[in-house]
Every structure is written in structure tokens, then in C-alpha cells.
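Got your viewer open? Let's take a walk through this structure, one selection at a time.

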Amino acid sequence: MKPFSLLACTYLLGTSLALAQTSTLPDSGWAKTSVNGVVFRGNSVATFGKLQYTAYYNGAGKVVLAKRTRGSVTWTTKVTSLTGAVSDAHNSISIQVDGDGFLHLAWDMHGTKLRYCKSLVAGGLDMGPEQAMVGNLESSVTYPQFFRLANGNLLFLYRDGSSGSGDLTLNRYDLKTKTWTRLQTKLVDGEGLRNAYWQCHIDRNGVLHLSWVWRETTDVSTNHDMCYAKSRDGGVTWEKSDGTNYSLPITATSAEYALKIAQKSDLINQT
């Protein structure tokens, strides 16, 4: 493995943020698989105040955390003791900073138990012990994805289950209590028959926009259709594009279809 520049690193991390500097990170990144740059990676870069963070697996499969002051080319890095099965590109890293400045990290999951920890101090790279979030539906987790709301609370989306049979689950971290709670057990319900592959975005007005395709089996060729939902209250209630409220959980029958796409149309999981 040869060390690569921050420009190459951030390209592989899949971020569109302006991190392309001439400086180099002091540790080479894992590049034998796309685990550091998969399209479904939740958050490869997190910014809070003047600080900006990134995370990646190094050549030994250890999680490396890095931070800088925005605009600076100097990075502070921390090679953690946390490891991941980097040979499986599903085991991507996702990070986010809560409204108090604490870094949250999820990594190394593909239909396996939740792996999650939080920094010991605000602005720090030293992580606390691995821990549960809610304590249930955390044994078969894939596609971790954090979002920070305007009030500083966090959302955490993940698939509970497996390819062809899974549900989209949503947790919320509360700054006041410093705890996670289950917001939606089955936001999008595969009903044991299918699963959703989603992408989510929070717009400038704080509205969550969620789209997804369905997959009927473990075979990617059974991906089909494009569905849509949005939330104006941080994931508590959800509605269709015309403002009609969903009755949760959302299923294949109740979902709003933005576009009907047949199976065997080469439809990718997340885009």
C-alpha cells in the first residue's frame, strides 16, 4: 500500500466538500476494496463550527480519525484500536458530530451487530467504549447513516435485516438526556418479503427527503421502482410529496411511487 494524498482520500471517501488540499494524511488508506468510498457510505465528512472531521480505514484495517480547522491544511489524526472487516466493502464508516461537539462513529457492519461509539470529550478524537444505542434490533445492522438536526440532535438510519428481507429503522439521539431512543422501528417495512435501499437528505429548511428502491430477493436484478417520503418534524411523522400523511410503517402497498421501474432494469441499490 502506498500513502495517498488528501485529494485522493477524499475522492475515495465520496465527499463533494472542498477538502482537496496538497497536504497528506500520515497514514495510508485501505484501497484493496471500495470500503472507504462506497456510494452508500453514510457520512465520510462531518463539520461542526470551525472543526471538520473525516474517518477511514488504514492499510491495516484500523479506523483512522482526523480533524482540522476549516480552511487549514494541517490535520490532527488518531489511529484508533477499532478495526473493521475491510475485505467487505459494505462495512463502511459513518460519522457525525452532535450539537454539543461530540463525535459519533458507526463502522464495520454487514448484517451484523451494531458497532457504535462516541468521543470522550467534545472536539476530541479519543473514543469511548463500544456500546449499544437502544439495545434491541441491533444484531443485524447494515448501512449506518447519521444526520444532525438543527437543534443538535442526531438521527441514525440503518437496515435491520438482510438483503431481500429487511426494514429501515430510525433512532434519535437527544442532547438533553445524552441517550438514543427508537423513533421508528419500521419506517419502511419490508414485511419479510423485500427490503428498501434508501438515500436520505436534509434540505436547508430541515425537511428530510427519503427515496428508495425495493429489492425482492438477495439478487440485485430484483431491484425495482423508486419511492418517496418526507418528514418536516425530524422523522416523527412522514408524508407524501403532496402533503398526505403516511400511516406508518410504509409498505410496498402504501408507498408513493415517484417512478415505476421494472425488475431486471439494472437499477442500483443506492445512488
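Begin by selecting Lys 178, a residue with 41% relative accessible area, which makes it partly exposed. Keep in mind along the way that this is a predicted model.

Now add Asp 100 to the selection: it forms a salt bridge with Lys 178, and the closest N and O atoms are 3.4 Å apart. This pair links distant parts of the chain, with Asp 100 in the loop between β5 (94–97) and β6 (103–106), Lys 178 in the loop between β11 and β12, and the two positions 78 residues apart. Asp 100 is partly exposed too, at 34% relative accessibility.

Next stop: Asp 126 and Lys 78. Their salt bridge has its closest N and O atoms 3.1 Å apart. Asp 126 sits in the loop between β8 (116–118) and β9, while Lys 78 belongs to strand β4 (residues 76–83), so this pair ties together parts 48 residues apart in sequence. Color them by accessibility and you will find Asp 126 partly exposed at 41% and Lys 78 partly exposed at 33%.

Then move to Asp 167 and Lys 186, whose side chains meet in a salt bridge (3.8 Å, N to O). Asp 167 is in strand β11 and Lys 186 in strand β12, so the bridge ties together parts 19 residues apart in sequence. Is Asp 167 buried or exposed? At 11% relative accessibility, Asp 167 counts as buried, whereas Lys 186 is partly exposed at 36%.

For a group selection, pick Asp 108, Lys 113, Arg 115 and Glu 130, which salt bridges with shared partners join into one network. In total, the structure holds 10 salt bridges.

Time to head for the nonpolar interior. Which members of the largest nonpolar core touch the most other members? Select Leu 157, Val 188, Trp 198, Leu 210, Trp 212, Trp 214 and Trp 238; these are the ones, out of 32 residues in that core. Showing the strands helps here: β9 (141–148), β10 (154–162), β11 (165–174), β12 (179–188), β13 (195–202), β14 (208–215) and β15 (223–231) each give two or more residues to this core.

Zoom in on Val 188. Leaving aside residues up to four places away in sequence, Val 188 touches Asp 167, Leu 168, Ala 196, Leu 210, Trp 212, Trp 214 and Ile 250. Asp 167 you have already met, as the salt-bridge partner of Lys 186.

For the last selection, take Ala 46, Tyr 57, Leu 65 and Leu 82, which are among the 19 residues of a second, separate core.

Methods
Residues are numbered from 1 along each chain as its sequence is written. This is a predicted model: local features need pLDDT of at least 70, side-chain atom pairs count only at pLDDT 80 or more; totals for chains, interfaces and linings use all residues. Side-chain values use heavy atoms; hydrogens and water are left out. A nonpolar core is a set of buried Ala, Val, Leu, Ile, Met, Phe, Trp, Tyr and Cys residues joined through side-chain atoms within 4.5 Å. Buried means under 20% relative accessible area, exposed over 50%, partly exposed in between (1.4 Å probe, protein chains only). Helices (H or I, at least four residues) and strands (E, at least two) are DSSP runs, numbered from the N terminus. Contact means heavy atoms within 4.5 Å. A salt bridge is a side-chain nitrogen of Lys or Arg within 4 Å of a carboxyl oxygen of Asp or Glu.
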